[in-house]
Structures are given as C-alpha cells and as structure tokens.
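Visitor: Could you pick one spot in this model and take me through it up close? After that, I'd like to see how the rest of the protein looks around it.

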Amino acid sequence: MKINKDSFKSLLKILFSLSLGLLIFWAMYRNTDIKELWAIIKSANIGIIILSLIFGLIGNTIRGLRWELFLHSLGYHPPRASIIYATWGNFAVNFVLPRAGDVWRCGVVSRYDKIPFSKTLETFLIDKMMEVVTGLVIIFVSVLLYIDFFVSYLRDNPQFAEGFTNLFASAWIYMGLAVVVLFIVLMLTVFRKTALMVKIDKFISTLKYDLKLIMQMKEKKRIIIYTILVWLCFYLYFYICFYAFDFTKDLGPLAGLIVFAMTIIGISVPVQGGIGPWHFTVISSLLILGVAENHALAFAGAVFTVQSVWQILYGLFGVLAMPYVKREQKL
C-alpha cells in the first residue's frame, strides 16, 4: 500500500506533535511513584469531577450557538443541531491532529448544510478571534490580580524568560521576518496579476463585505453574553475540580482563576488535546501555590484524563450524529 506525499506529511505532523506532548508528560512523571499517585487519585471525590463535566459540555454547546449567530448574519440558517454537533466533534478530531478539528468543523457544516466552505471558515475565524482576545483578557486580568504569582512563576521557570530573550536575540528571527516582508512585497508588485493573487484579492474583497454584514448584525449583545457564558463555564469546568481534592479545595476562586489562566497558555500549544503543556502549566502553578509535587501531579493527571475522555465521547457522538441531523429547507 502506497502512502502519498500529503498523507506522509500529515502522519509526520501527528507523530511530531504527539511525541512532543508525550515527552513533556514523561519528563514530569518519570520519577513519580505510580502507587502513591494512584492512592491520591482514589482519595478524590470523583462525583465532583463528574459534576464539572456538565459545564464543559455546556460551554462547547454555547460556542456552537455563538458561531450560529455569525452564520445567520451572512444569511445561512443550518439546523442548530448540525452546528452544535460539529462544534462538539471539533474537539474529538483535535485529539487526532492538533487544530485539524477546526478545519473539520467548517468542512462538515459546509458539506451537509450546503454552505460555501469560505463562509464557514470566515465565520469560524471571527469566532476564534473573539475566543483568543477573551483568553488574553483573562490572562491579563489574572496578572493584575495576582502579580506576585507570575513573578514567582517566571522565577521558578526561568526557561520561559530565557526562551523569550533568546528568540529576540537570534539573527534567524530577523532574517525570517525580512524574507516574509520581501515575499509580501513581491506578491503585491511583481506577481500581482498571477492567478493566485487574483484569488486572494477576491477572497479579501469578499471577506471585507462579509465583515460589514457581521458588524451590522443585531445580535451583538447575544455574542457578548455567549462569550461571557462560554468562559464562565470553562472556568467552572476547571475550578470545580479543586473541591474534589483535600489539598486544593481551600485554595479559593482567585487561585483557581490563576491556574485556569495558565491552562489557556498550555492548551494553545499545538499538541493533541494539550497533553504535556497543559499538565506542565497546571502542575507548576499548583507548586507555586504551595501544593505538594505528588499532589499536583495527581490532580493534573486525574482531571486531564477524565475531562479528555469526556470530550472525546461527546465529540465522537457529534461526529457520528452529523449525517443524521434532520435538514429541512428553511423559507
């Protein structure tokens, strides 16, 4: 059986990102006493962790409802179930290949609901942009509320500051920027009339027109409300788990917000489901908050495993349910 070039590249991406995550995961847990870790996990209140799962599902459902509003602004009205199932499935697919679920979500709605892929992609990117901006706001607010924590975090994890400094001290970053600028200038001048640039110009013109329609939408308040509810649900999804363990239940909601903000950074790393980077940010944050290392390892391992299995289960349901959604032409 022959593997074509694109399939081979995709396989390499999957293996690389998964290997990176597993390497970080192994580095953190390599010296751990598994029996002791399991004893700590067994002492947790699993009922509380299960309760938290409800908020994860609600949060991703509201995500779908917010995306639906953007599609409505462009005149497309797919069945609500289709949008919600595609949003659920997004996160299951991401466990196979990082960020692939985003493209799958746009593609599956385009296919089943007869919406141009460019429109599903445009609205998704706008929705995603709101997500990124809100996530940055949460991180910024967390820094303001608990600046001592972040100073301690950078002190105890100097590799972050060193990596940032080395990035801007490297000549390669400036050479890369120069190449990108030169490429853009050439595409806008010498190669402006090529078929590729004509398509890009057409896409940008369409995007500008669609953005005007979106900006004129009447449901702006609902977008804001949905965004607040999404992040509130995800915060509760994470923070409620603090009450499942004796060593985190008394840390308080502000500490929960701090660690939650760090998970936003961890989950942004393009690794399947955030495995590895998510664990690192949670464990290192809990250590700074005074939690013992073995307890922090147990917390991260238990919460990530249960919540990941939950996301995969309802995500797979969304993937499998998409073809069976009742689709009627709306007048």
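Guide: Let's zoom in on Ser285. Setting aside neighbours within four places in sequence, Ser285 is in contact with Phe149, Tyr153, Val259 and Met262. Keep in mind that this is a predicted model. Ser285 itself belongs to helix H13, which runs over residues 277-288. Is Ser285 buried or exposed? Its relative accessibility is 0%, so Ser285 counts as buried, the cut-off for that being under 20%. Across the whole protein, buried residues account for 42% of the 331 residues.

What does the record say about this stretch? The unreviewed UniProt entry annotates a "transmembrane region" over several spans, including 132-151, 251-271 and 278-302. Take 278-302 on the model: the span is 84% helix and 0% strand, and its end C-alpha atoms lie 12 Å apart. Now try another annotated span, 37-58. Here the end C-alpha atoms are 30 Å apart, with 86% helix and 0% strand.

Stepping back, the fold has 14 helices and zero strands, so to speak an α-α-α pattern carried on through the whole sequence. Of the contacts between residues at least 6 apart in sequence, 74% join residues at least 24 apart. On the outside, the protein exposes about 19,000 Å², and carbon and sulfur atoms supply 71% of that area.

There's also a pocket to look at. The largest one has a volume of about 920 Å³. Its lining takes in 32 residues, and the closest to the pocket's centre are Arg63, Thr263, Ile264, Ile267 and Ser268. Which elements give two or more residues to that lining? They are helix H3 (46-73), helix H4 (80-94), helix H6 (117-145), helix H11 (220-239), helix H12 (253-267) and helix H14 (293-321). H6 gives the most, with six residues. By type, the lining splits into 17 nonpolar, 10 polar and five charged residues.

Back to where we started: Ser285 sits in H13, and two of its contacts are Val259 and Met262. Helix H12, at 253-267, is one of the elements on the pocket's lining list. If you're turning the model on screen, start from Ser285 with its contacts Phe149 and Tyr153, then move over to Thr263 and Ile264, two of the residues closest to the pocket's centre.

Notes. Residues are numbered from 1 along each chain as its sequence is written. This is a predicted model: local features need pLDDT of at least 70, side-chain atom pairs count only at pLDDT 80 or more; totals for chains, interfaces and linings use all residues. Side-chain values use heavy atoms; hydrogens and water are left out. Helices (H or I, at least four residues) and strands (E, at least two) are DSSP runs, numbered from the N terminus. Buried means under 20% relative accessible area, exposed over 50%, partly exposed in between (1.4 Å probe, protein chains only). Contact means heavy atoms within 4.5 Å. Accessible areas come from the Shrake-Rupley method with a 1.4 Å probe; for residues, only the protein chains shown count as cover. UniProt positions are given in the numbering used here, feature names are shortened, and annotations may be inferred rather than shown by experiment. On a 1 Å grid over the protein atoms alone, a cavity is a set of points where a 1.4 Å probe fits but cannot get out, and a pocket is an open set with protein on both sides within 12 Å along at least five of seven lines; lining residues have an atom within 4 Å of a point. Grid points are joined across faces, edges and corners, and a volume is the space filled by probe spheres set on the points. Ala, Val, Leu, Ile, Met, Phe, Trp, Tyr, Cys and Pro count as nonpolar, Asp, Glu, Lys and Arg as charged, and the others, Gly among them, as polar.
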